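Student: Please take a close look at one loop position towards the end of the chain, and then set that position against the rest of the model.

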Amino acid sequence: MPLRLLADCRGDLMTDDYAGYNAVGAQLGVERLSYWAHARRKFVDAQKVQPKGKTGRADIALTMINKLYGKNELKEVTDDQRFVGRQEKSLPVLAQLKAGWRKLIPQVTSQSALGKAVGYLASNWSRLERYIEAGFLPIDNNAAERAIKPFVIGRKAWLFSDAPKGATASAQIYSLVETAKANGQEPYTWLRHVLERLPQAVLVEDFEALLPWNWRAS
């Protein structure tokens, strides 16, 4: 399914460790990243089963992961500033984490909560550390997950789409609305503008002018 949906994907692709994405990541021109929110979540799970009142290995790992989410990851920071901050502050933390999980692997069982957390780092490390290569690459996929959360919650009330075409149409509308939001547009105003001018669009430039990152309300 991922390969069918993302067959034409090129560039940087952030995913979880679902094996179905392997074929997509193997395509020429695709650079795959993993997100730190998932890695952090696994150490939170390991922290929950630690003896109460004691600082364990999961706490140490979480402290280091939290350092990766420092000031250089703020939205207000430019891509260039974020890149410099990552090289100066995040790179040493990543080196510590890498040394830590390599040391822990032979000391924990793979089925324990801590073992699963460490195993996740080991199997996804090259994709987890890729975000420091450029300032525009995200550290996680939380923004996209927050964007689709209303639809995931709503799905419980809607129960289902009546037909595959209806589900496809819904997904397309959701994508348009969230893309408009991501580009600073008010969705209703932008969609109204597009629907009013779409019948007159003929050239490629006409359609490109309607895209949310190209249009600005007068």
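Tutor: Val202 counts as exposed because its relative accessibility is 66%, where exposed means over 50% relative accessible area, buried under 20% and partly exposed in between (1.4 Å probe, protein chains only). The model is predicted, so local features need pLDDT of at least 70 and side-chain atom pairs count only at pLDDT 80 or more, while totals for chains, interfaces and linings use all residues. Residues are numbered from 1 along each chain as its sequence is written, and side-chain values use heavy atoms, with hydrogens and water left out.

Val202 sits in the loop that links α9 (187-197) to α10 (204-209); helices (H or I, at least four residues) and strands (E, at least two) are DSSP runs numbered from the N terminus. From Val202 to Gly184 the sequence separation is 18 residues, and their C-alpha atoms lie 26 Å apart.

A second loop residue can be set beside Val202. Asp162, in the loop between α7 and α8 (164-182), is exposed because its relative accessible area is 76%. Its C-alpha atom is 40 Å from that of Ser123, with the two positions 39 residues apart along the chain.

Loop residues can also be buried. Arg130, in the loop between α6 (113-128) and α7 (142-158), counts as buried because its relative accessibility is 11%. Its side chain makes a polar contact of 3.2 Å with that of Asp12; such a contact is a pair of N or O atoms within 3.5 Å, where within protein one must be able to donate a hydrogen and the other to accept it, and residues adjacent in sequence count only if both atoms are side-chain atoms. Leaving out residues up to four places away in sequence, Arg130 touches Asp12, Glu31, Arg32, Leu33 and Leu137, contact meaning heavy atoms within 4.5 Å.

Within a helix, Ser90 of α5 counts as buried because its relative accessibility is 1%. Beyond its neighbours within four places in sequence, Ser90 is in contact with Leu68, Asn72, Gly85, Tyr131 and Ile132.

Next comes the nonpolar interior. The largest nonpolar core has 32 residues, and those touching the most other members are Trp36, Phe43, Leu68, Leu97, Leu121, Trp125 and Tyr131; a nonpolar core is a set of buried Ala, Val, Leu, Ile, Met, Phe, Trp, Tyr and Cys residues joined through side-chain atoms within 4.5 Å. At least two residues of this core come from each of α3 (36-48), α4 (57-68), α5 (79-104) and α6, and α6 gives the most, with 7 residues. Leu97 touches Trp36, Ala61, Met64, Ile65, Leu68 and Trp125, again not counting residues up to four places away in sequence. A separate, second core of 5 residues includes Trp190, Val194, Leu210 and Trp215.

As for the whole chain, 10 helices and 2 strands are present, in the order α-β-α-β-α-α-α-α-α-α-α-α from the N terminus. The C-alpha trace spans about 65 × 45 × 40 Å along its principal axes. Of the 218 residues, 33% count as buried. Among contacts with a separation of 6 or more, 52% join residues 24 or more positions apart.
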